[in-house]
Amino acid sequence: MEPKLNILSPDPGTVHQISRSLRCTPFTAKILVNRGITDTRQAQTFLNATLGDIAPPSIIKDMTVAVERIAKALADGEKILVFGDYDADGITATALMQTFFQATGADIEVYIPHRIMEGYGLKPFHITDLAIKKGVNLIITVDCGSSSHQAAESCRQAGIDLIITDHHQMPDPAPDATAIINPSRPDCPSGLTALSGVGVAFYLIIALRTHLRDQGFWRDTPEPNLKQYCDLVTIGTIADIVPLTGENRIFVKAGMAMINNICAPGIQAIIKAARIKRKPLTAEDVAFAIAPRLNAPGRIDHARTALELLTASDTDQTGSMARTLDKLNTKRRLIEEEISDEIQQMVGSDSTLRHNKAALVLAHRKWHQGVIGIAAARAAKRFQMPVALITVNKDISVGSARSIPGINLYAAFSECADLLEAYGGHAQAAGFKIKTHNIDRFDRQFNYIINRQMHPDITKRVLNIDAELTFNDISEQLLDELEMLQPFGESHPEPLFIARNVHVHSSFCINNRHTKMMLMQPASNNKQPVESIRFNTDPNQPVPKHFVSIAFRLRRNTWNSNNRPQLIIEAVLSA
C-alpha cells in the first residue's frame, strides 16, 4: 500500500528568519521549524547545547534523599547492591553505576536477573536469597523497581534500604522505598519523563558526585570525569527508543563524540565484532548494530555476559566476549525470523485475524520468551496494528506487546488488569504475565479496548516530508548542515525529502536484496547522475526507467573514502 504523504508547510517568515540568523540553507531552516524550533535562540540551543545545559538533578523528586543515603553508605562502608534490568538500557545503567561506585572505592555488588528463570524486576527472593546472604545494607535499582511492591516490603522487614531509579510508568500506590527517582511518577515536577533508565541513573550519579565534592570526598580520591561515561548513556538511551530531544539529545551528542574517538574497550570490541566500517558512526549504527548485540545475551542466555564486556578493561578479553555476543545475536536473529515466519503463516491462514480485529494476540508453546518482544515489534510494523505475542506455559504464560503510533498499550493493559497477573512498560512497548486459561478472554477484551482507540487513518503509513528538493539543491553546505542536525532518532527523525520527475540512468542489484541506482532529474541543471539506493527490493521486479516522485533521505556516502551525496529511497510514489 502506498503511504500517505504529509508535506509539511512551515511558516515562511520563521524559516527566513532562522535561515538568515544561522546562515544556513532554507531547507535546514525548514527542518528546524518542522521540529518545533521557531526562533534563533531555540535553534542555537538545539544545535550547540552541551552537558552544562541539562536541567539540574535537584528538580527530580527524591534526588536529595537518595544522594544523602548513598553518601552515608559510602562514609560508613556499607555494602551496596546495584540491581539492574537485562535489556541494553538496564545493562548500560548497571555498568554505569558499577564503574562510578568502583571509582569511589565502595563495597559494591551488581546483579542482573535471568530473563526466563527470574523474570523482570526486583522480587522478594532477591532479598532473602541474595541481599541478606551477602550482608547488603542498601539496594539501588536501575531501569526497574517501580512495580516491586513485595520486594520493597521484604527490604523493609530485613532492615535494608531501597532506592529505586527507573523511568517506567508508576503504579498507584508506589512501592514503599527510601527514595524513588522516577520522572514518570505523578508527583515529580522535573518534566524529564523522556529519560531512559540509564539517563535517570546518570542523573543520580551527577547529583552524587556533586554532593561528594561538597563533602570533600574527592580530596584523596580522583574525581571521575562523567563525560567519559556518556558512551554508556548514549547506547542505553538509543536502545530504549526514547525521544532524542532535550537532555537525551545532549547526552547522545556527547556520547557519539566519545564513541567516535575514545570509548570503553568493550564498546570498541563490539564495533569491531559488528564489522562497522563506516566512519563516523551514527545513532543508527548504535540502534541497529551495537544495541542488538548487547540485548542478545539477555534474550537467549544471560545478560551478565554483556555487563562483563562493558566493564572489562583487558582488550584481549573484550575481543573474545564481543565475538560471543555477535554469535548470540546471530542465533537471536534466526529465532526471531522463525517466529516471524510462523506469525505470517498464522495470519495468512486466518483472514479474520487481520481484517476483523484491531490487534493481533497470538500464542504458541514453542516461542522463545526472550525473543517475542522484537518479533512483536516486527509484526506490528508489518501489519500496522498492535501485536501481543504470548509464550504459552502450563499455568502462567508470558507475553510481550508492541504498538503503533497513536495506540497506548500501557493504558490498554491497565483496563485489562483483572485478567493479568502482572504487567508493565510504556505506551509503545509492554510485557505481561497471564494465566494460560485467560488468554482467549484477554484477546477479546484487549481487542475491544484497542478498537476504542482506533480511528480511520491510524493504520495508514504516513510520510512526513520536510521539503521538496531538486537535485540542484543538493550541496556540500546542505550535507554539512544535515550532519549538524544529528543525532536522529525517536521524536527527531532524519529529514525526509521529495523529488519529482526522476529518471533512472542505470541500476544494478546488491546482494540480491537492494537496488543501487544512478538518478537524473531532467528539470535540474545538474547533469551528473546522483547516486541512490533502495533497500529490500524484489530482485525479480524490473527497475522502472522513470519515477513520478521519490521520498528520500539525503546522506553523505563515505564508504571506501568516498565523499559524495547519496539518496536513501524511502518510497516510490505515484503523485
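## Exercises on a predicted model

Strand 9 (residues 396-402) has 6 of its 7 residues buried, so this strand is largely enclosed by the rest of the structure; buried means under 20% relative accessible area, exposed over 50% and partly exposed in between, with a 1.4 Å probe and protein chains only. Helices (H or I, at least four residues) and strands (E, at least two) are DSSP runs, numbered from the N terminus. The model is predicted, so that local features need pLDDT of at least 70 and side-chain atom pairs count only at pLDDT 80 or more, while totals for chains, interfaces and linings use all residues. Residues are numbered from 1 along each chain as its sequence is written, and side-chain values use heavy atoms, with hydrogens and water left out.

### Exercise 1. Strand 9 and its partners

Task: Which residue stands opposite Ala-388 in strand 9, and which residue of strand 11 is the bridge partner of Ser-400?

Solution. Step one is the pairing with strand 8 (residues 387-391), which is antiparallel and runs over 5 bridges; two strands pair if DSSP finds at least two bridges between them. A hairpin with 4 residues joins strand 8 to strand 9, and in this pair Ala-388 stands opposite Ala-401. Step two turns to strand 11 (residues 429-435), which is joined to strand 9 by 7 bridges and runs antiparallel to it. There the bridge partner of Ser-400 is Gly-431.

### Exercise 2. The surroundings of helix 4

Task: Which residues of helix 4 are buried, and what do the buried residues pack against?

Solution. Begin with the helix itself: helix 4 (residues 63-76) has 14 residues and reaches 20 Å from its first C-alpha to its last, close to the 20 Å expected at 1.5 Å a residue, where the expected span is 1.5 Å times one less than the number of residues. Next, the buried residues of helix 4 are Met-63, Ala-66, Val-67, Arg-69, Ile-70, Ala-71, Ala-73 and Leu-74. These buried residues pack against strand 2 (79-83), helix 5 (88-104), strand 4 (138-142), strand 5 (161-165), strand 6 (179-181) and helix 8 (197-214), a contact being heavy atoms within 4.5 Å. Finally, Gly-77, just after helix 4, takes a positive phi of about 70°.

### Exercise 3. The open sheet

Task: In what order do the 5 strands of the open sheet stand, and which residue of strand 4 is the bridge partner of Leu-81?

Solution. The order is 3-2-4-5-6, and the pairing is parallel. Strand 3 (107-111) and strand 6 stand at the edges, each with a single partner strand, so one side of each has no neighbour in the sheet. On average, neighbouring strands of this sheet are turned by 15° against each other, direction ignored. Within the sheet, strand 2 and strand 4 pair in the parallel sense over 4 bridges, and the partner of Leu-81 in strand 4 is Ile-139.

### Exercise 4. Two helix crossings

Task: At roughly what angle do the axes of helix 5 and helix 13 cross, and at roughly what angle do those of helix 9 and helix 10 cross?

Solution. Axes are lines fitted to C-alpha atoms, for helices over the stretch in contact, and angles run from 0 to 180 degrees between N-to-C directions. For helix 5 and helix 13 (residues 304-311), the axes come within 9 Å and cross at roughly 45°. The two helices are therefore oblique to each other, given that angles under 35 degrees count as roughly parallel, over 145 as roughly antiparallel, 65 to 115 as roughly perpendicular and the rest as oblique. For helix 9 (residues 230-239) and helix 10 (residues 246-259), the axes come within 7 Å and cross at roughly 120°, which makes helix 9 oblique to helix 10.

### Exercise 5. Loop residues

Task: Where does Arg-275 lie, and is Arg-275 buried or exposed?

Solution. Arg-275 lies in the loop between helix 11 (265-273) and helix 12 (283-300), and its phi is near 60°, a positive value in a residue other than glycine. With a relative accessible area of 54%, Arg-275 is exposed. A second case is Ser-491, in the loop between helix 19 and strand 14, whose phi is near 70°; at 46% relative accessibility, Ser-491 counts as partly exposed. Pro-487 also lies in the loop between helix 19 and strand 14, and the peptide bond from Gln-486 to Pro-487 is cis, with omega near 5°.
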